[in-house]
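Here are my notes for someone meeting this structure for the first time. Please keep the model open as you go through the points.

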Amino acid sequence: MVDVKIKPLADRVLILPDQAETQTASGIIIPDTAKEKPQKGTVIAIGQGKKNEPITLKKGDRVLYGKYSGTELKWEEKEYLIMRESDIIAII
């Protein structure tokens, strides 16, 4: 588990996206220009939630999110996504 000193506010969560696939199941290598953004990752930090809406996620949850959800954030040489809990589709 990654320990980050970023604390999201309100109903936002900090996610470490999975790495993009570099090879297909049949062994074909995918070039950097053709790689798709991953749509799953691990929750690293969570906010407090809103007044009447507590956060249902917890640190370490594996989640699925929309392709264009969240804001990309680079911190200490790693890339993260910060998004609202409502942008998360499912816990896996």
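1. Start with the largest nonpolar core. Eleven residues make it up: V13, I15, V43, I46, I55, L57, V63, Y65, L81, M83 and I88. Strands β1, β2, β3 and β5 are the elements that each give two or more residues to this core. Another core lies apart from it and has six residues, including I6, L14, A45 and Y80.

2. This is a predicted model, so a word on confidence belongs here. The mean pLDDT of the protein is 87, and 97% of the residues reach at least 70. Confidence is lowest in strand β4 (residues 71-75), where the mean is 91. It is highest in β3, at 95. As a general caution, coordinates predicted with low pLDDT should not be read in detail.

3. Next, the sheet. Six strands form it, and the sheet is open. Their order is β4-β5-β1-β2-β3-β6, with antiparallel pairing. Which strands stand at the edges? They are β4 and β6 (88-91). Each has a single partner strand, so one side of each is left without a neighbour in the sheet. From one strand to the next, the twist averages 45°.

4. Look at strand β2 (residues 40-46). Is this strand mostly covered or mostly uncovered? It is mostly covered, with six of its seven residues buried. On one side, β2 pairs with strand β1 (residues 12-17) in the antiparallel sense, over five bridges. In this pairing V13 stands opposite I46. Both V13 and I46 are members of the largest nonpolar core.

5. β2 also pairs with strand β3 (residues 62-65). That pairing is antiparallel too and runs over three bridges. Here G41 has V63 as its bridge partner. β3 in turn pairs with β6 in the antiparallel sense, again over three bridges. Y65 stands opposite I88 in β6. V63, Y65 and I88 all belong to the largest nonpolar core.

6. I15 is a good residue to select in the viewer. Sequence neighbours within four places aside, I15 contacts G41, T42, I44, V63, Y65, Y80, L81, M83 and I88. Among these contacts, V63, Y65, L81, M83 and I88 are fellow members of the largest core. Y80 is instead listed in the other core, the one with six residues. In general, side chains in a regular strand alternate between the two faces of the sheet.

7. Now the charged pairs. How many salt bridges are there? The count comes to three. One joins the side chains of D11 and R84, at 2.9 Å from N to O. D11 lies in the segment before β1, and R84 lies in strand β5 (residues 78-84). The two are 73 residues apart, and the pair links distant parts of the chain.

8. D11 deserves a closer look. Is this residue buried or exposed? D11 is buried, because its relative accessible area is 9% and the cut-off is under 20%. R84 has a relative accessible area of 33%, so R84 counts as partly exposed. Beyond four places in sequence, D11 touches G49, K50, I55, M83, R84 and E85. Of these, I55 and M83 are part of the largest nonpolar core.

9. A second salt bridge is formed by D18 and R62, with their closest N and O atoms 2.8 Å apart. This pair also links distant parts of the chain. D18 is in the loop between β1 and β2, while R62 is in strand β3, 44 residues apart. R62 is partly exposed, at 28% relative accessibility.

10. The side chains of D61 and K58 also meet in a salt bridge, at 3.3 Å from N to O. Their accessibilities make a contrast. D61 is buried, at 9%, whereas K58 is exposed, at 54%.

11. Finally, check the loop between β4 and β5. E76 is found there, and so is E77. E76 has a positive phi of about 50°, although it is not a glycine. For E77, phi is also positive, near 70°. E76 is exposed at 63% relative accessibility, and E77 is exposed at 71%.

Technical notes:
Residues are numbered from 1 along each chain as its sequence is written. This is a predicted model: local features need pLDDT of at least 70, side-chain atom pairs count only at pLDDT 80 or more; totals for chains, interfaces and linings use all residues. Side-chain values use heavy atoms; hydrogens and water are left out. Buried means under 20% relative accessible area, exposed over 50%, partly exposed in between (1.4 Å probe, protein chains only). Helices (H or I, at least four residues) and strands (E, at least two) are DSSP runs, numbered from the N terminus. Two strands pair if DSSP finds at least two bridges between them. Contact means heavy atoms within 4.5 Å. pLDDT is the predictor's confidence in each residue, from 0 to 100. Axes are lines fitted to C-alpha atoms, for helices over the stretch in contact, and angles run from 0 to 180 degrees between N-to-C directions. A salt bridge is a side-chain nitrogen of Lys or Arg within 4 Å of a carboxyl oxygen of Asp or Glu. A nonpolar core is a set of buried Ala, Val, Leu, Ile, Met, Phe, Trp, Tyr and Cys residues joined through side-chain atoms within 4.5 Å.
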